[in-house]
Amino acid sequence: MAKGKKRKTTQKDEPIEKAAEESNSEVQNHVAEPEPSKKAAEKVRRKKPKVAKPETETEYFPEKRNLEDLWQQVFPVGTEWDQLDMVYQYKWSFTNLEDAFEEGGELHDKKIYLFGCTEPQLVFFQGQAKVTMIPVVVAVVSPFPPSDKIGIKSVQRETEEIVPMKQMKMDWVPYIPLDSRESQVERLKNSQIFILSCTQRRAGLRHLKIERVKKFEYCLPYFYDPLQEDELEQSTIVQFLYPIDPKPVFGEFDREFDDLEEFTDKLIGEGELPADQKEPFQDYLKEKFREARKANREATEARKKAREELNDESRAAFKNMKFYKFYPVSTPDSPDVSNVKSPFINRYYGKAHKVI
């Protein structure tokens, strides 16, 4: 058999071979790159374009002041437990109290004893009038604690008790400024500020009897100055609680300014006292007068004895003792209380030497 000869490639054949090569290449590529699956296609469709994050500005928080939480550490004596939240519903500011400890201030470089209380007052805030529990801080300038006792008294309670502070879980404790709280030794040794603190916690109230819980609400910081005149004991005001059904009658009667007949008729006219109780009520008040006079005599004798027993150092301390009453300063975050300030502290301390 004769061998075949190789066929020469002509220019006419080149396009045909080139087209065949391209066709084979497309087939190979089609096999190498399979069509994407449905899941992959959906993933591509769901993929969101990246959004450039805006550059966030660095936040700067104001540095805490050294005595910023001083007023909050002071226990508000006599405030009802269920009203404590009302006291702290505003961002009260006591920068005036903080400034008083600075050089040139009333409390600078002195030993200070602080206690708190609250005063319910009708004040305006953001255009609305509302009864607000205003926190107040009283500062006592004294080389020793002004008292280690607490008075328990209210209009609703006829009897008055004077008990040790510790009986009501209260005591004077050192206040540690923020910049000294890391120190464990020096912070107690150099304390110049003492606050009246209470270790009774609200969570533990449910384990106490109602009478015991109410005692905390009737507490008043007690003070007794043997050098003062008998202003408190010689007061002409008599507090009363006349026990009748369905509702007892309570209030204050001033023997110096109130007329017994007019006072009684007014109570009857206002529906507070039944007409048939006029005479018994007047007899009750007269008996309260006699009790008050007796208490005045006994207190005067006790004060005279205490005055005689004072040494020169204690006598000088009582003579130089000062009371300062601090109210919150006006801020956009709290009501303005400038129109409701009063120098009166309580029935034991009387009036403050200065209201700030």
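A residue counts as buried here when its relative accessible area is under 20%, and that cut-off applies to the first selection of this tour, which runs through a predicted model.

**Helix H7 and its surroundings**

Select helix H7, residues 210-217, and colour Val-213, Lys-215, Phe-216 and Glu-217, which are buried in this helix. Now add the strands against which the buried residues of H7 pack: E3, E4 (161-164), E5, E6 and E7 (219-221).

From Phe-216, step across to Met-170, since Phe-216 is among the residues that Met-170 touches beyond four places in sequence. The other partners of Met-170 in that set are Phe-75, Val-77, Ile-150, Met-165, Leu-196, Ser-197, Cys-198 and Cys-219.

**The nonpolar cores**

Keep Met-170 selected and add Phe-115, Val-140 and Phe-323: these four touch the most other members of the largest nonpolar core, which has 31 residues. The elements that give two or more residues to this core are strands E1 (112-125), E2 (128-141), E3 (149-152), E5 (170-174) and E6 (193-198), together with helix H7; the largest share, 3 residues, comes from E6. Apart from this core lies another one of 30 residues, and to find it you can select Leu-67, Leu-70, Tyr-175 and Phe-326, which are among its members. As background, nonpolar side chains in soluble globular proteins tend to be buried together.

**Helices H8 and H9**

Next, show H8 (residues 260-269) and H9 (residues 278-309), whose axes come within 11 Å and cross at roughly 130°. The two helices are therefore oblique to each other, and H8 passes H9 in a right-handed crossing. To see the contact itself, select Leu-260, Glu-261, Phe-263, Thr-264, Asp-265, Leu-267 and Ile-268 on H8, and Lys-278, Phe-281, Gln-282, Leu-285 and Lys-286 on H9. Coloured by class, this contact shows 6 nonpolar, 2 polar and 4 charged residues.

**Val-249 and the cis peptide bond**

Leu-267 leads to Val-249, with which it is in contact. Val-249 is found in strand E9, residues 249-254, and is buried, with a relative accessible area of 2%. Leaving aside neighbours within four places in sequence, Val-249 also contacts Phe-240, Leu-241, Tyr-242, Ile-244, Glu-272 and Leu-273. For a distance to check in the viewer, take the C-alpha atoms of Val-249 and Leu-273, which are separated by 7.0 Å although the residues are 24 apart along the chain.

Then move to Pro-246, found in the loop between strand E8 (237-242) and E9, where a cis peptide bond with omega of about 5° joins Asp-245 and Pro-246.

**Loop residues**

Two further selections concern backbone angles, and most residues other than glycine have a negative phi. Asp-109, in the loop between helix H5 (95-100) and E1, has a positive phi of about 60° and is exposed, with a relative accessible area of 67%. Lys-169, in the loop between E4 and E5, likewise has a positive phi of about 60°, but is partly exposed, at 38% relative accessible area.

Finish at Ser-330, which lies in the loop between strand E10 (322-326) and strand E11 (344-346) and is exposed, with a relative accessible area of 54%. Add Trp-92 to the selection: the two residues are 238 apart in sequence, yet 8.4 Å apart in space, C-alpha to C-alpha.

**Zooming out**

With the whole protein in view, there are 10 helices and 13 strands, and 35% of the 356 residues count as buried. Among contacts between residues at least 6 apart in sequence, 68% join residues at least 24 apart.

Terms used: Residues numbered from 1 in each chain as written. Predicted model: local features only at pLDDT ≥ 70, side-chain atom pairs only at ≥ 80, totals over all residues. Heavy atoms only, no water. Axes fitted to C-alpha atoms, helices over the stretch in contact; angles between N-to-C directions. Helix = DSSP H or I, 4+ residues; strand = E, 2+ residues; numbered from the N terminus. Parallel < 35°, antiparallel > 145°, perpendicular 65-115°, else oblique. Left-handed = near helix turned anticlockwise from the far one by under 90°. Contact = heavy atoms within 4.5 Å. Nonpolar A, V, L, I, M, F, W, Y, C, P; charged D, E, K, R; others polar. Core = buried A, V, L, I, M, F, W, Y, C linked by side-chain atoms within 4.5 Å. Buried < 20%, exposed > 50% of the residue type's maximum accessible area, 1.4 Å probe, protein only.
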